[in-house]
Amino acid sequence: MRRISNLTEDEVKHVAKLAKLSLTPQEVKKLQSQLSGVLDYVDVLKKLGTKDIEPTSQVTGLENVFRSDEPGPSLQPEEVLKNASEKNNGLFLVKAILRRPLFLALLEIKK
Amino acid sequence: MKINQLTITEAQKGLKEKKFSSVELVKTCLEEIKSKNPEINAFITICEKEALAQAKEVDELINHQSSTINHQPLFGVPVAIKDNFCTKGIKTTAGSNVLKNFIPVYDATVVDKLKKAGAIIIGKANMDAWAHGSSGENSDFGPTKNPFDESRVPGGSSSGSAAAVASQMVLAATGTDTGGSIRLPASFCHLVGLKPTYGRVSRYGIVAMASSLDAIGHLTKNVEDAALILKVTAGHDKLDATTPDIPVPDYEKNLQKELKGLKLGVPKEYFSSGLNEEIKEKINQAIRELEKLGMEIMEVSLPHTQYALAAYYIIQPSEVSSNLARYDGIRYGFDRQSFSDEAKRRIMLGTYTLSSGYYEAYYLKAMQVRTLIKKDFEEVFKKVDVLVTPVSPNLPFKIGEKIADPLEMYLSDVFTVTANLAGIPGLSFPVGWIDNLPVGMQILGPQFAEELLFRVGYHYEKMTGKIQFN
């Protein structure tokens, strides 16, 4: 297996893109070395055989916890919007993520 | 002795007997905050107006309906709330600039329960941003200082909570513990710190760090107070699906039950070369005290201990990156530009270990190792009732000493992360001083065995004398 301590600058930039973080060139350099250091450290796990061992994600053994689907008290719209950076007409205001022609085309398909 | 120096039980006695009023108690705490906080920096927000208003209500109730106090176990008790617990109408930052203007519209379940039990919220305690850290230095609101030596850290991430209780600004404080964030500051600040079993206390309304590890607890001046608070905060919550419907014992009731016949395991892996020799000696002394109290001491082994920190530093950042993905600056808070170094580091690490092609090698592998660590504990608890371990390999370190080297900082958690991986409870309590710096010890027990931990701590405390503060 490839040695992870050689985490490249491009890999750091790619991960930053996945995590929606914008990093300065200095931050990329610093993280390249710091992340490589931590990844080197956790490499110790490779020494341990874990074939056929079940992973543990829930320690107390609870499974499929459901509640009855009944409406209960909930927050008022104005409370929900209280901390919003921008709002309009009782809704969160966000930048468009689709270009207009594409959006209209999607509306057509829906019809 | 000033009234802010009292324990919860002592303060309640004083209130009941009308030796002082709730307003007087709150005012004394606020005065302590005004004189010490500019230096210690234990608080991000101080709720003077709200706290005094609440104290007035408490006094009226005592004067007119004194029976109320019997139904409210924390009646009139001034507490600090770690700033990652949502408090309705009170700014909740999680120590991060991302949330520096966030005012929750609801209370966390624990906050709601504390209020209903009569506790008075004095303020919101400083912390490492997003609870990422072992020193308090990762707070976007400046580091908190250790009240016993201001050039040193109070431990983290519940840094402000620990410093506030240790410097007598409040009687108790809440905390969160994902890898040691309650037990380490308790140890560094000469306090009792409880990390309950995973799911024992609701996480609803608390800013999530690593959801499969997060435990909600508190820091107090003695074991009895720790038991008293857990009785209030523990239990099933329909708003947190990880809280099982297991009855909450009356934790105080069995505190005095003697320790004779209980088996205390000493896991050899925790007393290895990484541990400071003087700390080791202090803990060995404490073990001898417990032996005098009738406990049977046995050396045991938890063979996968050496892999725990590595598994933790995969699982935790992976879950951190997932939980912090919600911060988009749209619904509340500022956008992702406002994350500071440590949060960015953990988001990056977690995004990498969860990314396509690496998930199996890192996250899945770590979750398998977690199974082995959990099994180690299950096996050992067939032989012994509880375990004793150090909390920290070192004494409280200097501010700035470890901040430039993340890996060095992560190693502070080496003895505490195992409890989070296995979901078991841990109680940290003081066992003495080295060079005027506090030393703590940790008792670990099987899941939902908090009662047993309190019993051990209570008897140790009783034998060695009340915790002394300067």
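Modeller: Two strands count as paired when DSSP finds at least two bridges between them. Keep that in mind as we go through this predicted model.

Colleague: How do you know that β7(B) and β8(B) pair?

Modeller: Strand β7 (residues 263–267) of chain B and strand β8 (residues 296–300) of chain B share 5 bridges, and the rule asks for at least two, so they count as paired. The sense is parallel. As one spot to look at, Pro267(B) sits opposite Val300(B) in β8(B).

Colleague: What makes β7(B), α9 and β8(B) a right-handed unit?

Modeller: Helix α9 (residues 277–292) of chain B belongs with β7(B) and β8(B) in a β-α-β unit. Point the strands away from you: a path from the first strand over the helix to the second that runs clockwise is called right-handed, and that is the hand this unit has.

Colleague: Why is helix α6 of chain B called mostly covered?

Modeller: A residue is buried if 20 or more other C-beta atoms lie within 10 Å of its own. In α6 (residues 159–166) of chain B, 8 of 8 residues are buried, among them Ser159(B), Gly160(B) and Val165(B). Just past the end of α6(B), Gln168(B) has a positive phi of about 65 degrees.

Colleague: Over to chain A. How do you know that its radius of gyration is not that of a compact globule?

Modeller: For 111 residues, a compact globule would come out near 13 Å, while chain A has 24 Å. The C-alpha trace of chain A spans about 55 × 45 × 35 Å along its principal axes. Buried residues make up 11% of chain A.

Colleague: Which domains does chain A have, and where do they lie?

Modeller: The domain assignment gives domain 1 (4–47) and domain 2 (77–110) in chain A. Their centres, taken over C-alpha atoms, are 35 Å apart. Chain A has 4 helices and 2 strands, in the order α-α-α-β-β-α from the N terminus.

Colleague: What makes a residue of chain A count as in contact with chain B?

Modeller: The C-beta atoms of the two residues have to lie within 7 Å. By that test 37 residues of chain A touch 46 residues of chain B. The elements of chain A giving two or more residues to this side are α1 (9–18) and α2 (25–42), and α2(A) has the largest share, with 7 residues.

Colleague: And how many residues on that side of chain A are nonpolar, polar or charged?

Modeller: The split is 22 nonpolar, 10 polar and 5 charged.

Note on methods: Residues numbered from 1 in each chain as written. Chains lettered and ligands numbered in written order. Predicted model: local features only at pLDDT ≥ 70, side-chain atom pairs only at ≥ 80, totals over all residues. Nonpolar A, V, L, I, M, F, W, Y, C, P; charged D, E, K, R; others polar. Buried ≥ 20, exposed ≤ 12 C-beta atoms within 10 Å, placed from the backbone. Domains from an automatic or database assignment. Rg over C-alpha atoms; globule rule 2.2 N^0.38 Å.
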